[in-house]
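Reader: I should like to work through this structure by question and answer. Please let each reply reason its way to the value or name requested.

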Amino acid sequence: MKIESLKEEIKNVKEPRRTGYGNIRHKLEDIIIIIGLCTVICGGEDFVDMEEFGKSRKEFLAKFLELPNGIPDSDTFRQVFEKINPPELSSCLINWVSAERGRRSVVAIDGKTIRGSADE
């Protein structure tokens with residue numbers, strides 16, 4: 001599954017933060033992908049887990065995410081996920097997985113590669 005295609009899908013999620021004040025420090029796609037999606041896949045349960053996951057894997061995540069101001073803190077995750085439109089996010093993730101299902105019969109999302117237990 002390509003992270004680039006997920007980034008494209010996330011562009012369909014309306015930015016829930018007030019952008020007119022110039023105080024947005026973290027990209028929405030970084031917040032949703034990294035830390036939101038990857039943390040949950042790896043067994044994370046809350047916003048503190050998202051911050052810890054991001055900090056512990058910052059070097060790896062920087063390979064495919066911009067992270068202009070580093071890893072967001074747990075309060076940033078909470079604020080963004082409280083404001084995101086759930087049907088928009090759900091649709092985005094369904095479209096991403098569905099695109100891959102067209103190429104394979106099964107799409108495994110279990111976090112083995114992210115946790116480092118996959119073979120090279």
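Reader: Between which two helices does the loop that holds Leu67 lie?

Author: In this predicted model, Leu67 is a loop residue. The helix on one side covers residues 58–61. The two flanking elements are helix 4 and helix 5.

Reader: What is the phi of Leu67, and is the residue buried or exposed?

Author: Leu67 is not a glycine, yet its phi is positive, at about 45°. Buried means under 20% relative accessible area. Leu67 has a relative accessible area of 9%, so the residue is buried.

Reader: Which side chain reaches the backbone nitrogen of Leu67?

Author: The contact to the backbone nitrogen of Leu67 is 2.9 Å. It is made by a side chain from helix 2, which covers residues 28–41. The residue that reaches Leu67 is Asp30.

Reader: How far from Asp30 is the nearest side chain of opposite charge?

Author: Asp30 is buried and has no salt bridge. A salt bridge requires a side-chain nitrogen of Lys or Arg within 4 Å of a carboxyl oxygen. The nearest side chain of opposite charge to Asp30 belongs to Lys7, at 5.8 Å.

Reader: Lys7 is listed among the buried residues of helix 1; how wide is the arc within which these residues fall?

Author: Helix 1 covers residues 3–10, and its buried residues are Ile3, Leu6, Lys7, Glu9 and Ile10. Viewed down the helix axis they are confined to one arc, so they line one face of helix 1. That arc is 160°.

Reader: Which residues of the largest nonpolar core touch the most other members?

Author: In soluble globular proteins, nonpolar side chains tend to be buried together. The largest nonpolar core here has 22 residues. Those that touch the most other members are Leu6, Ile33, Leu61 and Ile84.

Reader: Which helix gives the largest share of this core?

Author: Two or more residues come from each of helix 1, helix 2, helix 3, helix 5 and helix 6, the last covering 86–101. The largest share is five residues. That share comes from helix 2.

Reader: On helix 5, which exposed residues are carried on the face turned away from the buried side?

Author: The buried residues of helix 5 are Ser74, Thr76, Phe77 and Val80. They fall within an arc of 155° as seen down the axis, so they line one face of the helix. The face turned away from that buried side carries the exposed residues Glu82 and Lys83.

Reader: With which residue does Glu82 meet in a salt bridge?

Author: Glu82 is exposed, at 54% relative accessibility. Its partner also lies in helix 5, four residues apart, about one turn of the helix. The N to O distance is 3.3 Å, and the partner is Arg78.

Reader: Which residues are joined into one network by salt bridges that share partners?

Author: The whole structure holds six salt bridges. One of them links Glu29 with Lys27, the closest N and O atoms being 3.6 Å apart. Glu29 is buried at 13% relative accessibility, whereas Lys27 is partly exposed at 27%. The network made through shared partners consists of Lys27, Glu29 and Glu66.

Reader: How far apart are the closest N and O atoms in the salt bridge of Lys11 with Glu8?

Author: Lys11 counts as exposed, at 56% relative accessibility. Glu8 counts as partly exposed, at 48%. The closest N and O atoms of this salt bridge are separated by 3.1 Å.

Reader: How many aromatic pairs does a search of the whole structure find, and why does the pair of Phe47 and Phe81 count as it does?

Author: The search finds two aromatic pairs. In the pair of Phe47 and Phe81 the ring centres are 6.3 Å apart and the planes are at 25°. Planes under 30 degrees apart count as stacked. The pair of Phe47 and Phe81 is therefore stacked.

Reader: How many residues apart in sequence are the parts that this pair ties together?

Author: Phe47 lies in helix 3, residues 47–56, and Phe81 in helix 5, residues 74–83. The pair thus ties together parts whose separation in sequence is 34 residues.

Reader: What is the angle between the planes in the pair of Phe60 and Phe64?

Author: Phe60 is partly exposed at 35% relative accessibility, while Phe64 is buried at 19%. Their rings lie 5.4 Å centre to centre in an edge-to-face pair. The angle between the planes is 75°.

Key:
Residues numbered from 1 in each chain as written. Predicted model: local features only at pLDDT ≥ 70, side-chain atom pairs only at ≥ 80, totals over all residues. Heavy atoms only, no water. Phe/Tyr/Trp six-rings, centres within 6.5 Å; stacked < 30°, edge-to-face > 60°. Buried < 20%, exposed > 50% of the residue type's maximum accessible area, 1.4 Å probe, protein only. Arc of directions from axis to C-beta. Lys, Arg positive; Asp, Glu negative; His and termini not counted. Polar contact = N/O pair within 3.5 Å; in protein donor to acceptor, adjacent residues only side chain to side chain. Core = buried A, V, L, I, M, F, W, Y, C linked by side-chain atoms within 4.5 Å.
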